Amino acid sequence: MSLPVDLAAVVQCRVPTATRQDLVLSKPLMRVLERIAVSWRERTLGRERVWGREHRLENHGARDGGISGLFSGPRGTGKTLAAEVLAHETRLDLYRVDLSHLVGHDIGETEKNLCRLFEAAESAGALLYFDEADALFGKRGEAKDVPDRCANAEVDLLLQRIEAFAGIVILATSRREDIDPAFLRRLTFAMDFALPDMAERVEIWRRIFPPDTPVEGLDPERLARLQLCGADIRDIARSSAALAASEGQPVRMAHLLRAAVRQCAKLDQPIDLAAIAR
């Protein structure tokens with residue numbers, strides 16, 4: 001899974017370990033992920049797959065062997081974790097692209113970086129994951145000057161590289177409306193991630209601690225009254241585990257509530273501790 005030296009700052013390489021047990025999504029979204037994994041496995045075996053409309057999978061723009069898609073939704077709703085689960089199920093390494101380092105300042109630098117990136121991913125057999133993709137895959141505009149023409153050329157090149165890519169490439173964004181429509185028309189699938197509802201938050205809390213973490217008296221249903229995304233729940237769990245460990249105790253509700261207060265203060269989000277106490 002080694003990368004060229006000039007791409008080391010651009011891509012986070014990871015051998016995926018997350019499974020569906022680590023991911024809590026609505027049943028329709030979980031079915032989409034399953035269909036993508038099945039389709040990829042069947043494509044790699046040289047068999048055709050019919051993509052079902054009931055799962056919002058389209059055959060438009062599909063290529064032999066290649067699959068592309070969009071994960072859209074607010075921060076912390078499981079987009080990156082879903083990409084890791086998909087990489088694990090398809091037995092591909094995960095290349096998470098840091099767009100802030102990929103985009104170059106000199107004319108033509110971004111295009112060179114993109115070409116090297118796609119070549120490295122294809123050679124390694126990796127799933128390409130572009131986080132906050134709207135920063136690079138934005139809408140093309142009227143070319144009024146040199147920067148506009150360069151930006152449009154980058155978008156055109158991305159379209160070509162995605163269509164030629166033999167692996168899986170996923171664009172993730174919290175601003176779907178900013179993605180160039182030309183990309184959306186060429187994608188194989190699209191998934192809209194939403195903030196977890198009450199039942200999903202309960203399930204996230206039930207699964208948040210590894211089996212070997214010492215816990216005592218935790219109440220997932222009370223904790224789920226906090227309207228938080230999965231990423232915030234994870235951060236609270238980590239902070240509470242650190243608090244409990246510093247005191248030599250198992251993780252208890254008191255630790256979680258202290259960590260929740262800190263997390264919500266950081267997010268400038270009101271917290272109703274009375275609702276959890278009831």
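## An exposed arginine after helix α2

R91 is exposed, with a relative accessible area of 80%. In this predicted model, R91 sits in the loop between α2 and β3, and R91 is the residue that follows α2. The backbone here is worth a look: phi of R91 is positive, near 60 degrees, in a residue that is not glycine. As a point of background, most residues other than glycine have a negative phi.

## The chain as a whole

Stepping back from that loop, the chain holds 11 helices and six strands. Of its 278 residues, 47% count as buried. How much of the contact in the chain links residues 24 or more positions apart? Among contacts with a separation of 6 or more, such pairs account for 73%.

## The six-stranded sheet

The six strands form one open sheet, and reading across it gives the order β1-β3-β4-β5-β2-β6, with mixed pairing. Its edges are β1 (11-14) and β6 (189-192), each of which pairs on one side only. On average, and ignoring direction, neighbouring strands in this sheet are turned by 20 degrees against each other. In general, strands of a sheet pair through backbone hydrogen bonds, either parallel or antiparallel.

Two helices that pack on the sheet are easy to pick out. Helix α1 (residues 27-44) touches β2 (67-72), β5 and β6, and its direction makes about 155 degrees with that of β6. Helix α4 (residues 109-124) touches β1, β3 (93-97) and β4, with its direction at about 145 degrees to that of β4.

## Strand β4 and its partners

Is β4 mostly covered or mostly uncovered? It is mostly covered, with five of its five residues buried. A126, L128 and F130 point one way from the strand, while L127 and Y129 point the other way, and all of them are buried. This fits a general pattern: in a regular strand the side chains alternate between the two faces of the sheet.

On one side, β4 runs parallel to β3, joined by five bridges; here R96 stands opposite Y129 in β4. Strand β4 (residues 126-130) also pairs in the parallel sense with β5 (residues 168-173), over three bridges. In that pairing, L128 stands opposite V169 in β5, and Y129 stands opposite I170. Y129 therefore makes a handy landmark, as it faces R96 and I170.

## Helix α2 and its cover

Which residues of helix α2 (residues 79-89) are buried? They are K79, A82, A83, E84, V85, L86 and A87. What covers these buried residues includes α1 together with the strands β1, β2, β3, β4 and β5.

The packing of α1 on α2 can be followed residue by residue. The two helices meet at an angle of about 35 degrees, with their axes 9 Å apart, and their crossing is right-handed. L33, I36, A37 and R41 in α1 meet A82, L86 and E89 in α2. By class, this contact has five nonpolar residues, no polar ones and two charged ones. A general rule helps when you trace such a helix face: an α-helix has 3.6 residues a turn, so residues three or four places apart point the same way.

## Helices α9 and α10

Another helix pair lies later in the chain. Helix α9 (residues 230-246) and helix α10 (residues 253-266) pack at an angle of about 130 degrees, with their axes 8 Å apart. That angle makes α9 oblique to α10. Their crossing is right-handed.

From α9, the contact involves D232, D235, I236, A237, S239, S240, L243 and A244, which meet H255, L256, R258, A259, A260, R262 and Q263 in α10. By class, the contact has seven nonpolar, four polar and four charged residues.

## R161 and its contacts in space

R161 is found in helix α5 (residues 146-164). Which residues does R161 contact, leaving aside its neighbours within four places in sequence? They are C115, F118 and E119. R161 and F118 are 43 residues apart in sequence, yet their C-alpha atoms are 7.2 Å apart in space.

Conventions. Residues are numbered from 1 along each chain as its sequence is written. This is a predicted model: local features need pLDDT of at least 70, side-chain atom pairs count only at pLDDT 80 or more; totals for chains, interfaces and linings use all residues. Side-chain values use heavy atoms; hydrogens and water are left out. Helices (H or I, at least four residues) and strands (E, at least two) are DSSP runs, numbered from the N terminus. Contact means heavy atoms within 4.5 Å. Two strands pair if DSSP finds at least two bridges between them. Axes are lines fitted to C-alpha atoms, for helices over the stretch in contact, and angles run from 0 to 180 degrees between N-to-C directions. Angles under 35 degrees count as roughly parallel, over 145 as roughly antiparallel, 65 to 115 as roughly perpendicular and the rest as oblique. A crossing is left-handed if the near helix is turned anticlockwise from the far one by less than a right angle, and right-handed if clockwise. Ala, Val, Leu, Ile, Met, Phe, Trp, Tyr, Cys and Pro count as nonpolar, Asp, Glu, Lys and Arg as charged, and the others, Gly among them, as polar. Buried means under 20% relative accessible area, exposed over 50%, partly exposed in between (1.4 Å probe, protein chains only).
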